[in-house]
Amino acid sequence: LRTQDYMFNYLHGLSDNDIYPEGIPSDGVPHVIIRTYSMPMVTVLMTLSTCGLTFTLVCCLFNLIFRKRRVVRLSSSNLNYLIILGAVCMYLSVYAYLVPTVHISTVQIMCTLKEWLFITGYALCFGTVLAKMWRIYNIFQYPTAKKNGTKDWQMLLIVATIVGIGILLVAIGTGVPYLRGSLVTQIVDEENPNGIAANGDREEYYHLVCYPVSSLPFYWNILILAYLAVLQIVGIVLAFETRKVKF
């Protein structure tokens, strides 16, 4: 038997390069490869985060050892622990953002955890600073307040309110199905969407990302950012009002 060669002829003078500008695709089912963050970048950021955690530990020990010193007592040593706790949460959120994994279940947990850690940590840190600034403002703007002063429980109430609102927003955003952004999906790596392995197999590259099931998470995140912006504005106003205070 004699085999007969067949040639595929394109109409209108087209060629393979016109039909497949990126090259003729190989046969077979492509191998799906999940890309994670660049390891050098992960190493640098996690190292910085670890240094930050170490520094917060040093600050905690300093506050604990010298808590009876006048300068430390005037800074409300008990509230300093809340700032340290908030800083720890924010540093830990870096690990949740950058954990190098290709397991969807792990990424899904990290998608939710990073939001909780970041918002809670930010609210703890900045809420405590706002409470301290409010006490200074209250003392120097209202002289009668100097007699009784502002109690620590009053400042803790302010911090609890600020943190509670932040936690409520995150809880709703991650708990309501149409608001949560913890559903993981696979998106194509646009910089290097596909390639050919050394053995000729076709490869497709993807990333795992937190992808909302609707556009509502975008607006909910805007609401959370607006809340954080309000805290910033209040802090700026209090700092401006107490700018002439001398210690």
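This section describes the aromatic pairs and the largest nonpolar core of a predicted model.

Three aromatic pairs are present in the structure. In one of them, F62 and F66 are tilted, with ring centres 4.9 Å apart and an angle of 45° between the planes. Both members of this pair retain some accessibility: F62 is partly exposed at 47% relative accessibility, and F66 is likewise partly exposed, with a relative accessible area of 28%.

A stacked pair is formed by F118 and Y122, with a centre-to-centre distance of 6.4 Å and 25° between the planes. The two residues belong to helix α5, which spans residues 104–141, and are separated by four residues, or about one turn of the helix. F118 has a relative accessibility of 31% and is therefore classed as partly exposed, whereas Y122 is buried because its value, 14%, falls under the 20% cut-off. Together with F126, F118 and Y122 make up one aromatic cluster.

Helix α5 also contributes to the largest nonpolar core, being one of the helices that each supply at least two of its residues; the others are α7 (152–175) and α8 (216–241). This core comprises 22 residues, of which nine, the largest share, come from α5. The residues with the most contacts inside the core are L130, I162, Y227, L228 and L231. With residues up to four places away in sequence excluded, I162 touches A123, G127, L130, Y227 and L231. Among these contacts of I162, L130, Y227 and L231 are also listed with the most contacts inside the core.

Key
Residues numbered from 1 in each chain as written. Predicted model: local features only at pLDDT ≥ 70, side-chain atom pairs only at ≥ 80, totals over all residues. Heavy atoms only, no water. Phe/Tyr/Trp six-rings, centres within 6.5 Å; stacked < 30°, edge-to-face > 60°. Buried < 20%, exposed > 50% of the residue type's maximum accessible area, 1.4 Å probe, protein only. Core = buried A, V, L, I, M, F, W, Y, C linked by side-chain atoms within 4.5 Å. Contact = heavy atoms within 4.5 Å.
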